[in-house]
Amino acid sequence: CNCMCFMCRDEKINFSEEKTNRLLSKIDDVFLPMVQNAEIVDVNGSGEVFLSKFYKIFIKKAIEVNPKIKFDIMTNGLFCNEKNILKYSLKGKMNVVTVSVHASTAATYDKIVKYSNFNMVLDNIAYLSDLKKNNEILDLALTFVLSSYNYKELPEFIELAKKYNAFANIWAMRLNMDILEQFDVMNKNHPEHKNLLKVLKKCNFNLPFVRANKEITNLIQ
C-alpha cells in the first residue's frame, strides 16, 4: 500500500521481489482455477489493488477465463480513477467498491492517512459515484474508523457519504499496536469518551445508508 494509516501500520509494507514472483508464478495453476466459475471475487485486505503487480496481472487473466466475473474492491482511493480502472480492465467488472476515508476534512485526513491526497481521493469518489449512478457498479461505500483524531467529524462524514450516494461504514478501531490506546476514544477511560457519546447522539444510525458495528451503536442505546 502506498499509504500509512496510523491505525493500520507504523511502517510501509511491501512484498519482496522474490515473494511477488512466487505469487505471480501461481496465477495460472492455482488462482485462475479457483475463480473460473466465480461470480464475485473479493480483492481487498492485502494492500492497494491499484498498485499491485500481482493484482494487475491476476485481474486481467481472471476476466479472460471468466468474462462474467466481478470484483469487490477495497482501496484507499488515491489511484482508483478512470485511467487505472480502464488499465486493469475493471470497467463494468466492479461489484462493490469500498474507499477508506476516515475524515471529512483534509486537515484531519492528513493526520490519519500519510502519503495520500484528500482532494484527489474525493475526485475519484465522485467518479465512482457517477459509475454507480449509471449502474456500472452495484454499490459504493466509504469507511471511517473512529479515533480521537476524527470522531468530531463523524456527522459531516455521514453527510459526505450521502453526497456521493455511498454507504457510510463506521468501524471501531482494532488495537494492533500499543501506541493506539491513546487514540481509542471508544474506551470509557479515554478523556474524550464522553465527548464521543455526545457526537454519536447527533448521528442518525437508522439511516439506510449508515452502517456501524455493534460496538458503536451499543454506546448510544
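The following exchange examines helix packing and one loop residue in a predicted model.

Trainee: Why are α1 and α3 called roughly parallel to each other?

Mentor: Helix α1 (residues 17-24) packs against helix α3 (residues 53-65) at an angle of about 10 degrees, and their axes lie 10 Å apart. Angles under 35 degrees count as roughly parallel, and α1 and α3 are therefore described in that way.

Trainee: Which residues of α1 and α3 meet?

Mentor: From α1, Thr20, Leu23 and Leu24 meet Lys53, Phe54 and Ile57 of α3. By class, this contact of α1 with α3 comprises four nonpolar residues, one polar and one charged.

Trainee: Why are α2 and α3 called oblique to each other?

Mentor: The axes of helix α2 (residues 27-35) and α3 cross at roughly 55 degrees and come within 10 Å. Roughly parallel requires an angle under 35 degrees, and roughly perpendicular one of 65 to 115. The value for α2 and α3 fits neither class, and the pair is therefore oblique. Their crossing is right-handed.

Trainee: What makes the contact of α2 with α3, by residue class?

Mentor: The residues divide into nine nonpolar, no polar and two charged.

Trainee: How do you know whether Asn66 is buried or exposed?

Mentor: Asn66 has a relative accessible area of 7%. Buried means under 20%, so Asn66 is buried. Asn66 is placed in the loop between α3 and β3 (70-75).

Trainee: What does the side chain of Asn66 reach?

Mentor: The side chain of Asn66 reaches the backbone oxygen of Gln36 at 3.3 Å. Neighbours within four places in sequence aside, Asn66 is in contact with Val35, Gln36, Asn37 and Ala38.

Terms used: Residues numbered from 1 in each chain as written. Predicted model: local features only at pLDDT ≥ 70, side-chain atom pairs only at ≥ 80, totals over all residues. Heavy atoms only, no water. Axes fitted to C-alpha atoms, helices over the stretch in contact; angles between N-to-C directions. Helix = DSSP H or I, 4+ residues; strand = E, 2+ residues; numbered from the N terminus. Parallel < 35°, antiparallel > 145°, perpendicular 65-115°, else oblique. Contact = heavy atoms within 4.5 Å. Nonpolar A, V, L, I, M, F, W, Y, C, P; charged D, E, K, R; others polar. Left-handed = near helix turned anticlockwise from the far one by under 90°. Buried < 20%, exposed > 50% of the residue type's maximum accessible area, 1.4 Å probe, protein only. Polar contact = N/O pair within 3.5 Å; in protein donor to acceptor, adjacent residues only side chain to side chain.
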